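I am opening this notebook to record what I looked up in the structure, entry by entry. I start from one side-chain contact and work outwards from there.

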Amino acid sequence: MLVKVVLGMLAGVVMLQAAHAEDVGDWITVAETSKSLWQGKRGSGSMTNVDGKKNNGYKYLYQKKNKTNNTYDYGQAVVLLEACRKGYGFVYYNGMEGQYVSKDQFVRFGPTVADNIGTMACLSWDNETGQISLAEKKDAWEFIASVKDSGNKVYLKNDTARKRAFKGKPSVSMLSRFDNLRDNNFDYNEVVIASADCERGYGTLYQLNFDGGVADKWDVALNGKSVASAVSDAVCSKR
């Protein structure tokens, strides 16, 4: 289902997980699960300062309904404009006085609740500027490999390939997605490998959190049989 998002004088479109969510008065449905309903407040969207930098973020007011006990929580959802351009980053949840509460990883145009919350802010910002910070691309996720025992799948997002420095070396990175079939959820990370490792045919593949911290790493050989080697092959091909 598609719904129109209106924040202030802005408008955007977000794909929802729920098939029958509806707008209610001043609140626009952003995402819905069996337990919760997330909605954004009409007229609440605005630029904001993050970490002392002027107008480098975008925020809006949200309410979260707990369906079990019919209670509501309120706060501010904030994204960095850099994340909107790059296509992934964090959604920050702040209290009404602007104090930090928590954060979630999000990927623009993705299916998760956090994806929808972050995408809503980015699309609304696009409409405020009249520009497109990042266009949605169909079939951007490329299947790379599946884990033999569990059947879990690994994908890479083609439009996120970029050259960067990592550990002081020229490298290439891409956004990765791990589909956990048993738990029916996604795990996003950034994978990076040194360009020199690509050229010599072996080295180390690193998995990074969205804040740049190393979550895991694997020794790999290009054209190898492991899942990590298959990921390395794909990332190296984007140099």
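Entry 1, a glutamine and its partners. In this predicted model, I looked first at the side chain of Gln63, which makes a polar contact with the side chain of Gln39 at 2.8 Å. I then found that the Gln63 side chain also makes a polar contact with the side chain of Tyr74, at 2.9 Å. I placed Gln63 in strand β6, which covers residues 53-66. Is Gln63 buried or exposed? I noted a relative accessibility of 5% for Gln63, and because buried means under 20%, Gln63 counts as buried. When I set aside the neighbours within four places in sequence, the contacts of Gln63 were Trp27, Leu37, Trp38, Gln39, Tyr72, Asp73 and Tyr74.

Entry 2, a glycine in a loop. I located Gly110 in the loop that lies between β9 (100-107) and α2 (113-129). Gly110 has 15% relative accessibility, so I entered this residue as buried too. Outside its neighbours within four places in sequence, Gly110 is in contact with Asp115, Asn116 and Tyr188. How far apart are Gly110 and Phe186 in space? I read 9.8 Å from C-alpha to C-alpha, although 76 residues separate Gly110 and Phe186 in sequence.

Entry 3, a sheet and its helix. I traced an open sheet of 6 strands, which are antiparallel in their pairing and follow the order β10-β11-β12-β13-β14-β15. Its edge strands, each pairing on one side only, are β10 (141-146) and β15 (214-221). On average, and with direction ignored, I noted that neighbouring strands of this sheet are turned by 35 degrees against each other. Helix α4 (residues 227-236) packs on the sheet and touches β10, β11 (153-166), β12, β13, β14 (202-208) and β15, while its direction makes about 150 degrees with that of β10. I then followed one pair within the sheet, β12 (residues 169-180) and β13 (residues 185-194), which run antiparallel to each other over 10 bridges. Which residue of β13 is the bridge partner of Ser171? I found Ala194 in that place.

Entry 4, confidence. I recorded a mean pLDDT of 88 for the protein, with 90% of its residues at 70 or more. Over residues 1-22, however, the pLDDT is below 50, and this stretch has 75 contacts in the model beyond near neighbours in sequence. Where pLDDT is low, the predicted coordinates should not be read in detail.

Conventions: Residues numbered from 1 in each chain as written. Predicted model: local features only at pLDDT ≥ 70, side-chain atom pairs only at ≥ 80, totals over all residues. Heavy atoms only, no water. Pairing = 2+ DSSP bridges. Helix = DSSP H or I, 4+ residues; strand = E, 2+ residues; numbered from the N terminus. Axes fitted to C-alpha atoms, helices over the stretch in contact; angles between N-to-C directions. Contact = heavy atoms within 4.5 Å. Buried < 20%, exposed > 50% of the residue type's maximum accessible area, 1.4 Å probe, protein only. Polar contact = N/O pair within 3.5 Å; in protein donor to acceptor, adjacent residues only side chain to side chain. pLDDT = per-residue confidence, 0-100.
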